[in-house]
Amino acid sequence: QKCPPLHSWGPAVRDHYLIHCIISGHGTFTCLGNKYHLSAGDGFVVVPDQIVSYSADKDDPWEYCWVCFNGSDAKRLMEQTGLLDRKPVFHSDDKKLETLLEGMCNLTGTDPGRETRMKSVLLAFLAELMDRFGSPAQPRRNGYEYVQKAIKFIEYNYSMNISIEDVAASVGISRSHLYRLFLQN
(Lines give C-alpha, C1' and ligand atoms only; values in the text may rest on other atoms or scores of the structure.)
Protein backbone atom coordinates (compact mmCIF):
# COMPACT_ATOMS: atom_id res chain seq x y z
CA GLN A 1 0.00 0.00 0.00
CA LYS A 2 1.46 3.33 -1.08
CA CYS A 3 0.04 5.93 1.29
CA PRO A 4 -0.72 9.55 0.45
CA PRO A 5 0.90 12.25 2.62
CA LEU A 6 -0.41 12.21 6.22
CA HIS A 7 -2.59 9.15 5.58
CA SER A 8 -3.41 7.83 9.03
CA TRP A 9 -5.33 5.24 11.00
CA GLY A 10 -6.43 5.50 14.63
CA PRO A 11 -6.23 5.98 17.46
CA ALA A 12 -8.32 2.84 17.55
CA VAL A 13 -8.11 -0.88 18.29
CA ARG A 14 -8.05 -3.95 16.09
CA ASP A 15 -9.51 -7.36 16.88
CA HIS A 16 -6.67 -9.22 15.15
CA TYR A 17 -2.88 -9.18 14.84
CA LEU A 18 -1.51 -6.88 12.17
CA ILE A 19 2.11 -6.72 11.02
CA HIS A 20 3.42 -3.97 8.71
CA CYS A 21 6.77 -3.99 6.87
CA ILE A 22 7.81 -0.61 5.52
CA ILE A 23 9.15 -0.71 1.96
CA SER A 24 9.99 2.97 1.49
CA GLY A 25 9.28 6.40 2.92
CA HIS A 26 8.63 7.42 6.51
CA GLY A 27 5.87 7.50 9.08
CA THR A 28 5.06 7.21 12.75
CA PHE A 29 3.53 4.46 14.84
CA THR A 30 2.12 5.16 18.31
CA CYS A 31 1.44 2.39 20.80
CA LEU A 32 1.15 2.33 24.61
CA GLY A 33 2.06 6.02 24.76
CA ASN A 34 5.29 5.59 22.78
CA LYS A 35 5.80 7.19 19.37
CA TYR A 36 8.15 5.49 16.90
CA HIS A 37 9.54 7.18 13.78
CA LEU A 38 9.93 4.47 11.18
CA SER A 39 11.34 4.10 7.67
CA ALA A 40 12.30 1.47 5.07
CA GLY A 41 13.33 -1.82 6.66
CA ASP A 42 11.32 -1.18 9.83
CA GLY A 43 8.15 -2.96 10.79
CA PHE A 44 5.55 -2.78 13.54
CA VAL A 45 3.05 -5.07 15.21
CA VAL A 46 -0.50 -4.19 16.18
CA VAL A 47 -1.85 -6.42 18.95
CA PRO A 48 -5.59 -7.02 19.41
CA ASP A 49 -7.34 -4.68 21.84
CA GLN A 50 -4.45 -2.17 22.11
CA ILE A 51 -5.03 1.44 21.19
CA VAL A 52 -2.65 2.36 18.37
CA SER A 53 -2.32 4.89 15.60
CA TYR A 54 -0.05 5.27 12.61
CA SER A 55 0.48 7.98 10.06
CA ALA A 56 2.45 8.50 6.87
CA ASP A 57 4.97 11.32 6.72
CA LYS A 58 3.90 14.61 5.14
CA ASP A 59 6.91 14.93 2.80
CA ASP A 60 7.97 11.30 2.25
CA PRO A 61 4.93 9.08 2.94
CA TRP A 62 5.60 5.43 3.49
CA GLU A 63 4.73 2.48 1.38
CA TYR A 64 4.23 -0.75 3.29
CA CYS A 65 2.98 -4.27 2.96
CA TRP A 66 0.99 -5.84 5.76
CA VAL A 67 -0.78 -8.94 6.92
CA CYS A 68 -3.53 -9.39 9.47
CA PHE A 69 -4.66 -12.64 11.02
CA ASN A 70 -6.36 -14.18 14.02
CA GLY A 71 -7.44 -17.62 15.10
CA SER A 72 -6.90 -20.10 17.88
CA ASP A 73 -3.11 -20.27 17.38
CA ALA A 74 -2.51 -16.59 16.61
CA LYS A 75 -1.46 -15.55 20.12
CA ARG A 76 0.84 -18.54 20.58
CA LEU A 77 2.49 -17.96 17.20
CA MET A 78 2.98 -14.25 17.92
CA GLU A 79 4.46 -15.03 21.34
CA GLN A 80 6.98 -17.29 19.63
CA THR A 81 8.10 -14.48 17.31
CA GLY A 82 9.48 -12.64 20.35
CA LEU A 83 7.87 -9.42 19.15
CA LEU A 84 5.31 -9.32 21.96
CA ASP A 85 8.05 -9.35 24.62
CA ARG A 86 9.81 -6.26 23.31
CA LYS A 87 8.97 -3.00 21.64
CA PRO A 88 6.30 -3.48 19.00
CA VAL A 89 8.74 -2.42 16.28
CA PHE A 90 11.51 -4.32 14.53
CA HIS A 91 14.10 -3.81 11.80
CA SER A 92 15.22 -6.07 8.97
CA ASP A 93 18.27 -5.29 6.85
CA ASP A 94 17.27 -7.63 4.04
CA LYS A 95 14.12 -7.97 1.93
CA LYS A 96 13.08 -11.50 2.99
CA LEU A 97 10.16 -10.43 5.21
CA GLU A 98 8.93 -7.99 2.57
CA THR A 99 9.24 -10.65 -0.13
CA LEU A 100 7.18 -13.13 1.90
CA LEU A 101 4.43 -10.57 2.47
CA GLU A 102 4.38 -9.59 -1.20
CA GLY A 103 4.15 -13.28 -2.10
CA MET A 104 1.08 -13.58 0.11
CA CYS A 105 -0.51 -10.56 -1.59
CA ASN A 106 -0.02 -12.20 -4.98
CA LEU A 107 -2.05 -15.22 -3.86
CA THR A 108 -5.47 -13.60 -3.99
CA GLY A 109 -8.59 -15.67 -4.37
CA THR A 110 -10.77 -17.89 -2.27
CA ASP A 111 -10.33 -21.34 -3.78
CA PRO A 112 -8.96 -23.91 -1.31
CA GLY A 113 -5.57 -24.22 -2.99
CA ARG A 114 -4.84 -20.48 -2.90
CA GLU A 115 -6.14 -20.17 0.65
CA THR A 116 -3.86 -22.99 1.76
CA ARG A 117 -0.90 -21.41 -0.04
CA MET A 118 -1.62 -18.07 1.68
CA LYS A 119 -1.64 -19.81 5.05
CA SER A 120 1.65 -21.53 4.25
CA VAL A 121 3.29 -18.21 3.31
CA LEU A 122 1.91 -16.64 6.52
CA LEU A 123 3.47 -19.47 8.53
CA ALA A 124 6.77 -19.04 6.65
CA PHE A 125 6.65 -15.30 7.43
CA LEU A 126 5.99 -15.96 11.13
CA ALA A 127 8.73 -18.61 11.17
CA GLU A 128 11.17 -16.03 9.77
CA LEU A 129 10.17 -13.62 12.56
CA MET A 130 10.68 -16.42 15.10
CA ASP A 131 14.14 -17.18 13.70
CA ARG A 132 15.13 -13.51 13.86
CA PHE A 133 13.53 -12.24 17.04
CA GLY A 134 12.23 -15.22 19.00
CA SER A 135 13.99 -16.96 21.81
CA PRO A 136 14.69 -20.69 21.95
CA ALA A 137 11.59 -22.72 22.69
CA GLN A 138 10.92 -23.28 26.34
CA PRO A 139 8.93 -26.31 27.42
CA ARG A 140 5.36 -25.32 28.17
CA ARG A 141 4.40 -26.11 31.72
CA ASN A 142 0.94 -24.62 31.68
CA GLY A 143 -0.88 -27.57 30.10
CA TYR A 144 -1.29 -26.01 26.68
CA GLU A 145 -0.58 -29.33 24.97
CA TYR A 146 -3.48 -30.97 26.85
CA VAL A 147 -5.85 -28.23 25.74
CA GLN A 148 -4.72 -28.63 22.12
CA LYS A 149 -5.22 -32.41 22.28
CA ALA A 150 -8.66 -31.92 23.82
CA ILE A 151 -9.63 -29.49 21.07
CA LYS A 152 -8.51 -31.96 18.41
CA PHE A 153 -10.52 -34.74 20.08
CA ILE A 154 -13.59 -32.53 20.07
CA GLU A 155 -13.02 -31.53 16.43
CA TYR A 156 -12.80 -35.17 15.35
CA ASN A 157 -15.68 -36.43 17.49
CA TYR A 158 -18.17 -33.58 17.84
CA SER A 159 -20.80 -35.41 15.81
CA MET A 160 -20.84 -38.23 18.34
CA ASN A 161 -22.39 -38.11 21.78
CA ILE A 162 -19.21 -37.26 23.74
CA SER A 163 -18.98 -36.00 27.31
CA ILE A 164 -16.43 -33.90 29.12
CA GLU A 165 -15.24 -37.08 30.79
CA ASP A 166 -14.60 -38.59 27.34
CA VAL A 167 -12.56 -35.55 26.34
CA ALA A 168 -10.53 -35.63 29.58
CA ALA A 169 -9.92 -39.38 29.25
CA SER A 170 -8.72 -38.92 25.67
CA VAL A 171 -5.88 -36.69 26.87
CA GLY A 172 -5.21 -38.66 30.05
CA ILE A 173 -6.17 -36.15 32.75
CA SER A 174 -9.11 -35.60 35.08
CA ARG A 175 -12.18 -33.60 34.12
CA SER A 176 -11.46 -30.93 36.77
CA HIS A 177 -7.83 -30.58 35.71
CA LEU A 178 -8.89 -30.17 32.06
CA TYR A 179 -11.36 -27.49 33.14
CA ARG A 180 -8.61 -25.54 34.95
CA LEU A 181 -6.31 -25.82 31.93
CA PHE A 182 -8.99 -24.48 29.60
CA LEU A 183 -9.45 -21.50 31.91
CA GLN A 184 -5.68 -20.82 31.93
CA ASN A 185 -5.22 -21.15 28.18
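Which residues are linked with Glu128 in a network of salt bridges? In this predicted model, the network joins Asp94, Lys96, Glu128 and Arg132. The description below begins with the chain as a whole, then turns to helix 3, to its charged pairs, and to a few further sites.

The secondary structure of the chain comprises 6 helices and 8 strands, and from the N terminus on the elements follow the order β-β-β-β-β-β-β-α-β-α-α-α-α-α. Measured out along its principal axes, the C-alpha trace spans about 65 × 40 × 30 Å. Of the 185 residues, 37% count as buried, and the chain exposes about 11100 Å², of which carbon and sulfur atoms supply 53%. When contacts between residues at least 6 apart in sequence are considered, 72% of them join residues at least 24 apart.Helix 3 is formed by residues 112-133, and its 22 residues reach 31 Å from the first C-alpha to the last, close to the 32 Å expected at 1.5 Å a residue. Its buried residues are Val121, Leu122, Phe125, Leu126, Glu128, Leu129 and Phe133. Seen down the axis of helix 3, these buried residues fall within an arc of 150 degrees, so they line one face of the helix. The cover over the buried residues of helix 3 includes strand 2 (17-24), strand 7 (63-69), helix 1 (74-81), strand 8 (89-91) and helix 2 (96-105). On the face turned away from this buried side, helix 3 carries the exposed residues Pro112, Thr116 and Asp131.

By the distance rule applied here, the count of salt bridges comes to 8. Side chains of opposite charge can pair when their charged atoms come close. Within helix 3, the side chains of Glu128 and Arg132 meet in a salt bridge, with 2.8 Å from N to O. Glu128 and Arg132 are 4 residues apart in helix 3 and are therefore separated by about one helical turn. An α-helix has 3.6 residues a turn, so residues three or four places apart point the same way. The partners are unlike in their exposure: Glu128 counts as buried, at 12% relative accessibility, whereas Arg132 is partly exposed, with a relative accessible area of 26%. Glu128 thus appears both among the buried residues of helix 3 and in the salt-bridge network with Asp94, Lys96 and Arg132.

A further pair in helix 3 is that of Glu115 and Lys119, whose side chains meet in a salt bridge of 3.7 Å, N to O. Glu115 and Lys119 are likewise 4 residues apart in helix 3, and for this reason about one helical turn separates them. Glu115 counts as partly exposed, at 37% relative accessibility.

In helix 2, where Glu98 is found, this residue forms a salt bridge with Lys95, the closest N and O atoms being 3.5 Å apart. The relative accessible area of Glu98 is 13%, and because buried means under 20%, Glu98 is classed as buried. When its neighbours within four places in sequence are left aside, Glu98 is in contact with Ile23 and Cys65.

Pro88 lies in the loop between helix 1 and strand 8 and is also buried, with a relative accessible area of 13%. Apart from its neighbours within four places in sequence, Pro88 is in contact with Phe29, Cys31, Tyr36, Gly43, Phe44, Val45 and Leu83. The C-alpha atom of Pro88 is separated by 38 Å from that of Val167, a residue 79 residues apart from Pro88 along the chain.

At the surface, Ile154, Tyr158 and Phe182 make a nonpolar patch of about 320 Å². Phe182 has its place in helix 6, which is formed by residues 175-184, and at 36% relative accessibility Phe182 counts as partly exposed.

Terms used: Residues are numbered from 1 along each chain as its sequence is written. This is a predicted model: local features need pLDDT of at least 70, side-chain atom pairs count only at pLDDT 80 or more; totals for chains, interfaces and linings use all residues. Side-chain values use heavy atoms; hydrogens and water are left out. Helices (H or I, at least four residues) and strands (E, at least two) are DSSP runs, numbered from the N terminus. The expected span of a helix is 1.5 Å times one less than its number of residues. Buried means under 20% relative accessible area, exposed over 50%, partly exposed in between (1.4 Å probe, protein chains only). The arc is that of the directions from the helix axis to the C-beta atoms. Contact means heavy atoms within 4.5 Å. Patches are made of residues with over 30% relative accessible area and no salt bridge: like charges are joined within 9 Å, nonpolar side chains (Val, Leu, Ile, Met, Phe, Trp, Tyr) within 5 Å. Accessible areas come from the Shrake-Rupley method with a 1.4 Å probe; for residues, only the protein chains shown count as cover. A salt bridge is a side-chain nitrogen of Lys or Arg within 4 Å of a carboxyl oxygen of Asp or Glu.
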